[in-house]
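Visitor: I should be grateful for a close look at one part of this structure, namely a place where two helices pack against each other. Please describe it step by step.

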Amino acid sequence: MSKLHRHPLRKLQCFYFTCTVSFMFCLIFLEGAATFRTDSGMRPLFYKKGITGVKDQTKNIVQWSHRKSFFQRLSCLARTRCLVPLRAHINNFDHGENSFVSKNKNHPIPEIRDTLPNHVAFVCDGNGRWAQQRNFPLLTGHGKGADRAVSTIKTLQSMGVKYCTFFVFSTENWSRHEQEVQDIMRIVKDAANKFRTVAQRENVAVRILGEMDKLPLNLQQELNQFETLSQENPSITVSLAINYGGRKDIIDATKKIALAVAEGRIDPDHVSEKLFESYLTTSGIPDPDFVIRTGGEQRMSNFLLWNAAYAELYFSPELWPDFDQKCLERALDEFSLRDRRYGKRKGVNSPHDKTPLKKSFTSS
């Protein structure tokens with residue numbers, strides 16, 4: 001029999017040593033820099049105090065510690081090659097003013113996100129389901145959705161986004177129960193009344209998209225007053241799509257152009273995309289770069305069909321009232337990784353590409 005088995009104290013010491021090594025390994029992971037694999041590639045993950053990162057980039061990083069055992073976590077780290085020494089990461093960064101890690105503790109550390117959309121559009125889906133999951137009336141869910149829209153506007157404004165559009169009420173939503181429609185109209189009116197002072201103070205411009213004449217008269221007056229108070233040089237322009245439908249907008253624009261052609265005011269040969277866009281209700285607003293839909297559904301639902309032709313799409317499983325700042329930042333991080341080519345092939349016919357584009361066919 002070995003000495004280890006003859007002395008229980010030695011056996012206990014060996015057990016404590018193993019636990020200590022395991023605990024130190026956990027500390028190295030928590031306070032070190034990790035690189036975790038996402039669907040979009042490898043991203044840096046920092047846990048060291050004073051270094052910010054994208055901890056919430058993937059759900060498995062947030063939820064993984066609650067589901068898996070200690071040994072499963074270690075095997076997950078080994079499979080994804082997560083553990084990377086913190087010092088190696090810090091040494092690889094330039095400690096200049098514009099670096100990711102700055103020696104000056106008072107200097108704000110810039111975000112990893114280096115590309116922001118100019119215009120973000122939202123399909124605010126999930127208010128009713130949010131209320132039903134909590135046994136609340138639908139009115140409460142729509143009220144929480146309005147509060148979420150206001151907080152999202154403030155977040156986008158602080159980030160420097162210039163335009164945002166919210167799909168408030170579609171032309172198809174009239175088919176819902178009459179009481180729910182009335183509740184939505186009342187919430188929109190109350191939210192517009194409350195947000196008017198904030199918009200004036202924060203230099204926010206407001207545009208209303210859709211057919212206003214079918215809305216309740218008191219709501220029309222509130223929205224018209226809201227829109228006329230818009231600033232000339234706003235920090236952000238907020239568009240509210242109320243009683244809006246993408247197909248209806250295209251049809252109405254087509255009718256107006258056809259009438260102008262019939263009256264001789266427009267030459268049919270001069271009809272272009274730019275001219276057509278000037279007849280849409282979204283005239284003067286740039287096309288959205290990024291369309292975010294919450295609630296888990298993956299469709300456009302007749303929203304900005306003409307304008308979102310080249311928009312990047314993002315579908316979040318979160319219900320709209322739960323789509324907080326972290327969810328928004330996660331979506332914007334995803335946008336910064338997208339490669340927008342607008343039908344072009346990357347690197348082909350660029351100013352730095354000396355290789356001419358060859359035809360894929362030859363005439364006989």
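Guide: Helix 7 passes helix 12 in a right-handed crossing, as seen in this predicted model. Helix 7 covers residues 138-159, and helix 12 covers residues 325-337. Two packed helices are described by the angle between their axes and the distance between the axes. For helix 7 and helix 12, the axes come within 10 Å and cross at roughly 45 degrees. Helix 7 is therefore oblique to helix 12. On the side of helix 7, the contact is made by T152, T155, L156 and M159. Helix 12 contributes Q325, L328, E329 and L332 to this contact.

A second pair of helices may be set beside this one. Helix 8 (residues 178-201) and helix 9 (residues 217-228) have axes that come within 10 Å and cross at roughly 20 degrees. Because angles under 35 degrees count as roughly parallel, helix 8 and helix 9 are roughly parallel to each other. Their crossing is left-handed, whereas that of helix 7 and helix 12 is right-handed. The contact is made by M185, V188, K189, A192, N193, F195, R196 and A199 of helix 8. From helix 9, the residues in contact are N218, L219, E222, L223, Q225 and F226.

Finally, one may turn from helix packing to the surface. There, L12, F15 and Y16 form a nonpolar patch. Together these residues have about 330 Å² of accessible area. F15, one of the patch residues, lies in helix 2, which covers residues 8-31.

Conventions: Residues are numbered from 1 along each chain as its sequence is written. This is a predicted model: local features need pLDDT of at least 70, side-chain atom pairs count only at pLDDT 80 or more; totals for chains, interfaces and linings use all residues. Side-chain values use heavy atoms; hydrogens and water are left out. Patches are made of residues with over 30% relative accessible area and no salt bridge: like charges are joined within 9 Å, nonpolar side chains (Val, Leu, Ile, Met, Phe, Trp, Tyr) within 5 Å. Accessible areas come from the Shrake-Rupley method with a 1.4 Å probe; for residues, only the protein chains shown count as cover. A salt bridge is a side-chain nitrogen of Lys or Arg within 4 Å of a carboxyl oxygen of Asp or Glu. Helices (H or I, at least four residues) and strands (E, at least two) are DSSP runs, numbered from the N terminus. Axes are lines fitted to C-alpha atoms, for helices over the stretch in contact, and angles run from 0 to 180 degrees between N-to-C directions. Angles under 35 degrees count as roughly parallel, over 145 as roughly antiparallel, 65 to 115 as roughly perpendicular and the rest as oblique. A crossing is left-handed if the near helix is turned anticlockwise from the far one by less than a right angle, and right-handed if clockwise. Contact means heavy atoms within 4.5 Å.
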